[in-house]
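Here is a short briefing on one protein chain. Keep the sequence and the 3D view open while you read.

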Amino acid sequence: MSRKSRIPAPDAGDTWVPRPRRRVTPLGFLGHTVTFLGSCTLGGVLLAGLVLPAAGAVGLGAKSGAESFESIPDDFKTPPLTQATQIYDAKGGLIAKVYERDRTVIPAEQMSPLIRQAQVDIEDARFYEHGAVDLKGILRAVTKNAESGAAVQGASTLTQQYVKNVNVEKAGDDPVAVLEAQRKTLGRKIQELRYAIKLEEDLTKEQILTNYLNITFYGHQAYGIEAASQRYFSKDAKDLTLPEAAMLAGLVQNPSQYDPKLHPVAAQKRRDTVLDKMVENKHITADQAKEAKAAPLGLKYKDPQNGCITAQAGMGFFCDYVRHVVKQDPVFGKNAADRKKLWDQGGLNIYTTLDPDKQAAAQNAVSQQVYVTDPVSAAITMVEPGTGKILAMAQTRPYGLAKEKNETVVNYNVDAAMGGGIGFQPGSNFKPIVAAAALEAGLSPTQRYDSPNRMDWPTMKTCDGTWKNLSKGKKEGSIPNESAREVGPYELKEAMALSVNTYFVQMEQEIGLCAVKQMANKLGVAGKASGDPLQEVPALGLGTQEVSPLVMADVYATFAARGSYCAPLAINRITTVDGKDVPVSPAKCSDVMSQSTADVINSVLLGVTEKGTAKDLGLEDGRQIAGKTGTTDEKKSAWFTGYTGNLAASVWLGSPGTKVPMKNIRIGGHYQQEVFGATGPGPIWQQAMEEAVRTMPEKDFPTVYIPDPPKRDPACSTPSGSATPTCTSGGKPRSTNSPVGRAGPATPTAPAAPQDPEDH
């Protein structure tokens, strides 16, 4: 009989099929031998590592006398796990959730007992029976691996896996450090075993399991069981059902392979394997497992919502501003590295100053008045006088990275250091700063200058010397007024209402550029929006150096607060997830000008909104407002900044990139021949403020009586540099020393309408 004929033929109903005998070559035999010996050697070395000292070998919690066992870092017991940070508005609404790793650490009592048992049964069924090291498991794994000729079974206990996860967590997002933490070297394995033994000495099994469930990765950016429960089932971990808990427990071994979104069949099979393990370990009955297996996966999946890009109602830019505050304010850490660590570590509840109602008002105004597809954009910031609280921050272009959708991550409301760009020229929005500096220097509210229609830039004193005009007599060396009919003399109230350029240039000359720069610094204009210092040149007073809407809103809020400047404030309070307060910067306010100076500024800016360039921007309820328009050369930027007694807002309109001249242009569906501060940003301010102040009490700001100048006699003129007019045809010169009292609000006379209704 041949060798082949000795193999019995299978019966008709037999499913057994004879398998050809594998031919083992000498090289293959040698390979199996080496594998077997290597597995045995590894097992022996690991066991040897544990018998240093011998008490460690049993792994049953006996104290070790070896110094290396005592050197476990404290943060292995309760590591500072990276968690999600929640950012809230002033009424407690969630603005956004931001995180490096989406995790919410919860105590054991907030975890379903089902997930705790399921995780143990599938990962380490003898967890409660062995110490940090499962000697039976090691020997079983060595034997299995030797028999198969490959590493098919591991022997890590749940405690060892926890130690490995801590090492990976410490590595953060550094790919090199992560690989190092995951390297399967003998030295690292022994170190993990030693740490595991020490952990089991210091923590209970329940504490270790809780830590493990909070640290482990479940796929789809979910770290820890609470984030996983929310991600896949939109519920708290304490409410997980048996099939849900089994599915999540099964994910840990390989979140990609058992991904229920991408591989639902594999996920269900893995879930059922977990259920079988729970039956095997007598933690559920066969009937319970059968019922659970019959249930569908039942996902109620929620996509990861990470970062300011997920913020609603246009709050993404403010959210990003908060991030910059945390990373730059010294109260959150003595250096940049410490502050970044605090932000990246997360686990914070940040309660901000943003008022959701005022934010909605601001966002509606910029979105409805300027379309996202328009060649220009708009931005608005609202600030509370007397506190510096930022109540709204909105812009036309949405927060995001999709350029085809006109999205941007550049916050047009703030300086470059806080996530903005290089800012925008404010034009005549800057003139009240010049006026405040002049009043503080002792000039009268009725100060008069001849204010010719055009003049050469005069020589001016700076903080360190003198500025001289090297282009006298040339067009580039001179400054005109906006309208040919704007010819002085003018006093402050009328000059501000009409925004007469040459008036404020002459005022700058008298007080010096240093006084203007210093007043700007006191009012929060520390430099240009780019971070560069303000330049001491005469055009400074006419608003040629770029600033941001937040800065200008805060300047005007200072006038409303009678000279009390408060630095912008975005954060009211911060707590950790366990309710502990994190120190934050309080409101930082200081008096930067006298109340009388602020009252005069309020009075002249009230004149702007009553009879000046902004006379059409009043609010429906008739409450008192003050403000100033501003338009730059070629209409590339236009501004309106105004305020009530309890709310200040600054609006910018323009093109942030290409500097589009706003002439013969359609904005928000409406054609405009030319855009001015009163006709472009003014209506945006008006709409936003109408809605924002609707529920606010009326609050006036103090004003002073500033007498109107006598009616101008066409026969009188004031020579340059003179305070007294000269007259031909018998005209009478007017006095420059009118008294100033507190009898009531400023009421400037109606000036002759200029040909052009706006200013530079």
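**A lysine in helix 16**

Lys358 sits in helix 16. The model is predicted. Lys358 is buried, at a relative accessible area of 8%. The points below start from this lysine, then take in the sheets, the helix pairs and the chain as a whole.

**Around Lys358**

- Which residues does Lys358 contact, leaving aside its neighbours within four places in sequence? They are Met382, Leu391, Ala392, Leu647, Ala692 and Met696.
- The relative accessible area of 8% is under the 20% cut-off, so Lys358 counts as buried.
- Helix 16 spans residues 356–369 and packs on a sheet, where it touches strand 4 (377–383) and strand 5.
- The direction of helix 16 makes about 25° with that of strand 5.

**The sheet with strands 4 and 5**

- This open sheet has five strands, in the order 5-4-18-17-16. Its pairing is antiparallel.
- Strand 5 (390–395) and strand 16 (626–631) are the edge strands, and each pairs on one side only.
- From one strand to the next, the twist averages 5°.
- Six bridges link strand 16 to strand 17 (residues 637–643) in the antiparallel sense.
- Ala626 has Tyr643 in strand 17 as its bridge partner.
- As general background, strands of a sheet pair through backbone hydrogen bonds, either parallel or antiparallel.

**The sheet with mixed pairing**

- A further open sheet of five strands runs in the order 2-1-3-13-14. Its pairing is mixed.
- Its edge strands are strand 2 (94–98) and strand 14 (581–582), and each pairs on one side only.
- Strand 13 (residues 571–576) and strand 14 run antiparallel and are joined by two bridges.
- Opposite Ile574 stands Val582 in strand 14.

**A hairpin**

- Strand 19 (residues 663–667) pairs with strand 20 (residues 670–674) over four bridges, in the antiparallel sense.
- The two strands, 19 and 20, form a hairpin with two residues between them.
- Gly668 lies in the turn and has a positive phi of about 60°.
- Ile667 has His670 in strand 20 as its bridge partner.

**Helix 6 against helix 8**

- How do the axes of helix 6 (residues 158–171) and helix 8 (residues 186–202) cross, and within what distance do they come? They cross at roughly 110° and come within 9 Å.
- That angle makes helix 6 roughly perpendicular to helix 8.
- The crossing of helix 6 with helix 8 is right-handed.
- From helix 6, the contact takes in Thr159, Gln160, Tyr162, Val163, Lys164 and Asn167.
- From helix 8, it takes in Arg188, Lys189, Glu192, Leu193, Tyr195, Ala196, Leu199 and Glu200.
- By class, the contact of helix 6 with helix 8 has six nonpolar, three polar and five charged residues.

**Helix 6 against helix 7**

- The axes of helix 6 and helix 7 (residues 175–182) come within 8 Å and cross at roughly 165°.
- Helix 6 and helix 7 are therefore roughly antiparallel.
- Their crossing, helix 6 with helix 7, is right-handed.
- Helix 6 contributes Lys164, Asn167, Val168 and Ala171 to the contact. Helix 7 contributes Ala177, Val178, Ala181 and Gln182.
- The contact of helix 6 with helix 7 divides into five nonpolar residues, two polar and one charged.
- Lys164 and Asn167 of helix 6 appear in the contact with helix 8 and also in the contact with helix 7.

**Helix 11**

- Is helix 11 (residues 242–251) buried or exposed? Of its 10 residues, 10 are buried, so helix 11 is largely enclosed by the rest of the structure.
- Among the buried residues of helix 11 are Leu242, Pro243, Glu244, Met247 and Gly250.
- The buried residues of helix 11 pack against helix 4 (113–123), helix 10 (225–233), helix 12 (264–280) and helix 13 (286–294).

**The chain as a whole**

- The chain has 23 helices and 22 strands.
- It has 760 residues, and 52% of them count as buried.
- Of the contacts in the chain with a separation of 6 or more, 71% are between residues 24 or more positions apart.

Conventions:
Residues are numbered from 1 along each chain as its sequence is written. This is a predicted model: local features need pLDDT of at least 70, side-chain atom pairs count only at pLDDT 80 or more; totals for chains, interfaces and linings use all residues. Side-chain values use heavy atoms; hydrogens and water are left out. Axes are lines fitted to C-alpha atoms, for helices over the stretch in contact, and angles run from 0 to 180 degrees between N-to-C directions. Angles under 35 degrees count as roughly parallel, over 145 as roughly antiparallel, 65 to 115 as roughly perpendicular and the rest as oblique. A crossing is left-handed if the near helix is turned anticlockwise from the far one by less than a right angle, and right-handed if clockwise. Contact means heavy atoms within 4.5 Å. Ala, Val, Leu, Ile, Met, Phe, Trp, Tyr, Cys and Pro count as nonpolar, Asp, Glu, Lys and Arg as charged, and the others, Gly among them, as polar. Two strands pair if DSSP finds at least two bridges between them. Buried means under 20% relative accessible area, exposed over 50%, partly exposed in between (1.4 Å probe, protein chains only).
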